[in-house]
Amino acid sequence: MKAAGRQLRIRGLLESQEFIDLGTLCRELDASESSVRRDLIAIEKEGLLKRVYGGAMAVEARGHDLDFDWQSTRMAEEKRRIGAVAASLIDDGQMVILDGGSTVACVARALKNRSLQAITNSLPIAELFTDSREIEVTLTGGYLYPRLRLMVGPLCEQMLSGITADVLIMGIGGVIEAGFSNSNTLVVSHERKMIEVARKVIIVADRTKFGRSSMIYLAPLEVADIVVSDAALSPDDQDMLKAHGVEALLA
């Protein structure tokens with residue numbers, strides 16, 4: 001494929017996902033890293049992408065799934081109830097990883113006056129805890145993803161590799177029989193590391209996340225110990241979770 005064709009294909013890929021890693025680009029284009037890097041440089045000069053560590057990000061917003069502020073307005077009451085139920089599963093003194101996302105932020109609000117060690121890559125969650133005297137907060141570090149207000153990338157994953165947590169609270173983009181998925185390879189990469197280092201995994205997801213598959217596969221349903229959703233989650237979806245050994249709690 002010639003350079004013009006590769007660059008057109010790159011633009012198309014960034015229409016459907018905000019970040020794409022270099023390895024994926026090389027496979028999709030059947031091209032060497034050096035060729036793909038030259039393509040990215042050329043497209044960056046046009047102002048259509050930004051090169052970041054490990055790949056490239058689209059400059060323009062591509063949708064609401066990756067926008068924290070917009071997501072915070074959706075299913076707000078359901079997320080508040082989900083947050084309260086998920087927070088009740090946490091014991092004082094535990095070390096808890098809080099992933100990014102609007103539903104996990106609701107869990108954080110419900111935990112605000114508890115005595116915990118919290119590890120997070122989410123700026124909004126860290127801000128929630130700034131005036132708490134009972135919660136010790138550790139930020140992962142990493143590349144700041146502005147729209148998600150989330151720290152991601154190799155530095156984030158390196159920090160997570162050095163810990164073992166009692167519980168992980170994680171949001172998700174999609175839930176189907178094949179497993180959990182999310183909208184971005186950068187996000188999925190650090191979420192897999194979070195799952196790896198946590199003794200217990202609690203997924204928080206309102207009913208709109210079920211029956212849909214996001215861009216990137218994350219993990220099978222069995223990685224979750226508990227999924228907390230809202231009271232309107234369908235019986236079929238509840239049965240699907242139970243069939244995979246996952247406890248379903250409704251808020």
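A residue is called buried when its relative accessible area is under 20%. I begin with that cut-off because threonine 103, at a relative accessible area of 6%, is buried by it. Please keep in mind throughout that the model before us is predicted.

Let me stay with threonine 103 for a moment. This residue lies in helix H6, which covers residues 102-110. Which residues does threonine 103 touch, once its neighbours within four places in sequence are left aside? The contacts are Lys79, Ile82 and Val204.

The surrounding helix follows a similar theme. Seven of the nine residues of H6 are buried, so the helix is largely enclosed by the rest of the structure. Besides Thr103, the buried residues of H6 include Ser102, Val104 and Ala105, and Cys106, Val107 and Ala108 are also on that list.

I turn now to helix H8. Which residues of H8 are buried? They are Cys156, Glu157 and Leu160. Those residues cover an arc of only 95 degrees around the axis, and therefore sit on the same side of H8. On the other side of the helix, Leu155 and Gln158 are exposed. As for what covers the buried residues of H8, the cover includes three strands, namely E4 (95-98), E5 (116-120) and E8 (150-152), together with helix H9.

That brings us to the pairing of H8 with H9. In general, the packing of two helices is described by the angle between their axes and the distance between those axes. Here H8, residues 154-161, and H9, residues 185-197, pack at an angle of about 0 degrees, with their axes 9 Å apart. Because of that angle, H8 is roughly parallel to H9. From H8, the residues that take part are Cys156, Glu157, Leu160 and Ser161; from H9, they are Ser189, His190, Lys193, Met194 and Val197. Sorted by class, this contact has four nonpolar, three polar and two charged residues.

Finally, let me place these helices in the whole chain. The protein chain has ten helices and 15 strands. Its C-alpha trace spans about 55 × 40 × 30 Å along the principal axes. Does the radius of gyration of 19 Å agree or disagree with that of a compact globule? For 251 residues, such a globule would have a value near 18 Å, so the chain agrees. Buried residues make up 52% of the 251 residues. Lastly, among contacts between residues at least 6 apart in sequence, 62% join residues at least 24 apart.

Definitions and conventions. Residues numbered from 1 in each chain as written. Predicted model: local features only at pLDDT ≥ 70, side-chain atom pairs only at ≥ 80, totals over all residues. Heavy atoms only, no water. Axes fitted to C-alpha atoms, helices over the stretch in contact; angles between N-to-C directions. Helix = DSSP H or I, 4+ residues; strand = E, 2+ residues; numbered from the N terminus. Parallel < 35°, antiparallel > 145°, perpendicular 65-115°, else oblique. Contact = heavy atoms within 4.5 Å. Nonpolar A, V, L, I, M, F, W, Y, C, P; charged D, E, K, R; others polar. Buried < 20%, exposed > 50% of the residue type's maximum accessible area, 1.4 Å probe, protein only. Arc of directions from axis to C-beta. Rg over C-alpha atoms; globule rule 2.2 N^0.38 Å.
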